[in-house]
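Student: I would like to learn how to read a structure with care, beginning with how its parts meet. Could you take me through this one step by step?

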There are 2 protein chains.
Amino acid sequence: MVKRLPRYFSYVQALANNGVEWVSSIELAKQLGLTSSTVRQDFSCFSFSGVSKRGYEVAGLLRMLADILGANTVWKVVVVGAGNLGRALVLHEDFVRNGFNIASIFDSDPEKHGINIGSLKVLPMQDLAEVVKIENIDMGIIAVPDTAAQSVADLLVDAGVKGILNMSMTHITTPDRIAVTDSRIVASLQQLSHCVLFSCRRNS
Amino acid sequence: MVKRLPRYFSYVQALANNGVEWVSSIELAKQLGLTSSTVRQDFSCFSFSGVSKRGYEVAGLLRMLADILGANTVWKVVVVGAGNLGRALVLHEDFVRNGFNIASIFDSDPEKHGINIGSLKVLPMQDLAEVVKIENIDMGIIAVPDTAAQSVADLLVDAGVKGILNMSMTHITTPDRIAVTDSRIVASLQQLSHCVLFSCRRNS
DNA sequence: TAGATTGTTAATCGATTAACAATC
DNA sequence: TAGATTGTTAATCGATTAACAATC
């Protein structure tokens, strides 16, 4: 269910930008490939009420979704791993636009230290703990090779982040208080590959 | 379920590289954060049998997973959108290593045409259909702004791709025969943000 | 043999959908 | 009023887990 929230948010944002004031569960469902039942269920679970015959008020919906997604919060994030993926993350303007502020990027390879990526310089892993603490970093993004993923997760947890976005294939283990979300592009491509071969349809 | 296959594959690959010959559902479950029941259920669904007391043969498991994920197939892929994300995808060596060969990258912005990204040159959208047909492209990756996503999807489908990896926030509609997988990094970060705020744990 | 681990059935759980009375 | 759409309950569906006999 949580996975639908960013999609509602994005679509409702677009509606608001276009000056649309009301939207029905039916329309929303159609646009996002869901059933209207699911949409109503989802919203009522946050006690967000609509109005019979009109639907849901776009402005209010947007406010609610922003609140539960923390879209009004500005998060401080670090990226670990300065490969192509890490580099792309730092440069991706979408993140800042959505309140994810990348404060630093780290890599274990001394060759990379000091290299400029956007307005950041690649820092050595030894600085991680200090940066996270002093700059009050909220989340870490793991963009390192699989074999290093767990130890980087441990470092991040020890340093004090509250959440981790894991982009490696490895399953990482963390204490219960740490939120973890996995996001694996190669895995998505492999799922797609499987679906193409065996003609299953939409997954994810 | 499909979403677990790439993770099994990656882990079993690592086992094979380390010369491990047998693995139990219990060990696998522990490493991937699942229950042994799920693991056995999954494998038996592909009629892959283990041996009591020993577990599953790593080599055979690897072969099976490679088969169902199409990991032995070399796929030809195009990327649409030459922003930071598109650029990163082209440069990301993980793709080639896993059999996803990026043949071309396209962008609608004339300013970008001809620019070099790795060994590729950014092509205009007008060339998309022809390239997909002549080079027998299997899949397209959508890395364009949300507003353009659906029309790019239509172009890709018309041109004849069999699968689409959608990295935009938009829900795209395609004919039934086309496989679609969504992969949204910002959405993952927003899920994480929600989980940090309301202390839910692992999702995805 | 004793013990470990599979394969499979049945139970549980949760998420999605259908249905429909209430309401504007 | 008639019609559209919500909010919610109950039904359905599918996925996960538990349990345990079979087996090596």
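**Reading the contacts**

Tutor: Across the interface of chain A and chain B, 14 residue pairs are in polar contact, with both residues at pLDDT 80 or more; a polar contact is a pair of N or O atoms within 3.5 Å, where within protein one must be able to donate a hydrogen and the other to accept it, and residues adjacent in sequence count only if both atoms are side-chain atoms. This is a predicted model, in which local features need pLDDT of at least 70 and side-chain atom pairs count only at pLDDT 80 or more, while totals for chains, interfaces and linings use all residues. Residues are numbered from 1 along each chain as its sequence is written, chains are lettered from A and ligands numbered from 1 in the order in which they are written, and side-chain values use heavy atoms, with hydrogens and water left out.

Student: How many salt bridges are there between chain A and chain B?

Tutor: The count is 0, where a salt bridge is a side-chain nitrogen of Lys or Arg within 4 Å of a carboxyl oxygen of Asp or Glu.

Student: How should I read the size of an interface?

Tutor: The size of an interface is often given as the accessible area lost when the parts come together. Here the area buried between chain A and chain B (accessible area, 1.4 Å probe, lost on being put together and summed over both) is about 6,000 Å², and carbon and sulfur atoms give 64% of it. In chain A, the residues that lose the most area to chain B are H171(A), R201(A) and R202(A), together 12% of what that side buries. Helix α9 of chain A (residues 185-197) provides the largest share of the side that touches chain B, 13 residues; helices are DSSP runs of H or I with at least four residues, numbered from the N terminus.

Student: Which relation links the two copies of the chain?

Tutor: Two copies of a chain are related by a rotation about an axis and a shift along it. In this model a turn of 180° with a shift of 0.0 Å along the axis lays chain A on chain B with an RMSD of 0.0 Å, after superposition by least squares on the C-alpha atoms of residues with pLDDT of at least 70 in both. That is the relation of a two-fold axis, and in chain A the C-alpha nearest this axis, at 2.8 Å, is that of A88(A). The contact (heavy atoms within 4.5 Å) takes 68 residues from chain A and 68 residues from chain B.

Student: Which residues come nearest to DNA strand C?

Tutor: Among the 21 residues around DNA strand C, those are S37(A), Q41(A), S25(B), G50(B) and K53(B), where a residue is near a strand if one of its heavy atoms lies within 4 Å of it. The side chain of Y56(B) has an N or O atom 2.8 Å from a phosphate oxygen of DNA strand C, and a polar side-chain atom of T38(A) lies 3.0 Å from a phosphate oxygen of that strand. Helix α3(A) gives the most to the surface near DNA strand C, with 4 residues.

Student: And what should I look for around DNA strand D?

Tutor: Around DNA strand D, S25(A), G50(A), K53(A), S37(B) and Q41(B) come nearest of 21 residues. A base nitrogen of DNA strand D is 2.8 Å from a polar side-chain atom of R40(A), whereas Y56(A) has a side-chain N or O atom 2.7 Å from a phosphate oxygen. The largest share of the surface near DNA strand D, 4 residues, comes from α3(B).

Notes:
Buried area = accessible area lost by both parts, 1.4 Å probe. Helix = DSSP H or I, 4+ residues; strand = E, 2+ residues; numbered from the N terminus.
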